[in-house]
Amino acid sequence: MESIFAFAVFASTALGQGIFINSPAAGSKLKVGETITGFIQAMAEIGIAIGIQSCPATRPCPAPNEYLQNVLYSGPFAPEYHTGFYDQYQNFTLTVPDVTGPAQIGITRAFLVGAGWATTVGSIASNYTIVA
């Protein structure tokens, strides 16, 4: 049976400076082949990449702006307006690849910020355990 987790990445709408992985909770166990459904919220996006990478038990994973390993999504970000606390977001459905053990979900995004629309690249990661 395929289980679904909410996978949420939030970027602050006021400053467009931050990215947050709210779900699944850091430290969660995700199953190989599991579908992760989530939404990403932000303001003036250029593009986004979401990936999962194996992490050696002896050291932390590299930052997602350096290395994503298994890219689950790479492309445009086109959020739509919705009613509620997180007004503008886009849903993504991703499948956990065949990696097991300590892992990291990383997001790297390019976005515009400020009155002059300066191009900025941001990234965030959260650690998980992938089980077969």
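This report describes one open sheet and the pairing of its strands in a predicted model.

## The sheet as a whole

The sheet is open and has 5 strands, arranged in the order 3-10-9-5-6. Its pairing is mixed. At the edges lie strand 3, residues 29-31, and strand 6, residues 70-75. Each of these two edge strands pairs on one side only.

On average, neighbouring strands of this sheet are turned by 30° against each other, with direction ignored.

## Strand 3 and strand 10

Strand 10 covers residues 118-131 and runs parallel to strand 3. The two are joined by 3 bridges. One contact can be named here: Leu-30 has Ile-130 of strand 10 as its bridge partner.

## Strand 9 and strand 10

Strand 9 and strand 10 run antiparallel and are joined by 13 bridges. Gln-104 has its bridge partner in strand 10, namely Asn-127.

These two strands also form a hairpin, with 4 residues between them. In this hairpin, Gly-114 takes a positive phi near 85°.

## Strand 5 and strand 9

Strand 5 spans residues 44-54, and strand 9 spans residues 101-113. They run antiparallel, with 10 bridges joining them. Ile-48 is bridged to Arg-109, its partner in strand 9.

In the strand order 3-10-9-5-6, strand 9 thus stands between strand 10 and strand 5. Strand 9 is joined to strand 10 by 13 bridges and to strand 5 by 10 bridges.

Definitions and conventions:
Residues are numbered from 1 along each chain as its sequence is written. This is a predicted model: local features need pLDDT of at least 70, side-chain atom pairs count only at pLDDT 80 or more; totals for chains, interfaces and linings use all residues. Side-chain values use heavy atoms; hydrogens and water are left out. Two strands pair if DSSP finds at least two bridges between them. Axes are lines fitted to C-alpha atoms, for helices over the stretch in contact, and angles run from 0 to 180 degrees between N-to-C directions.
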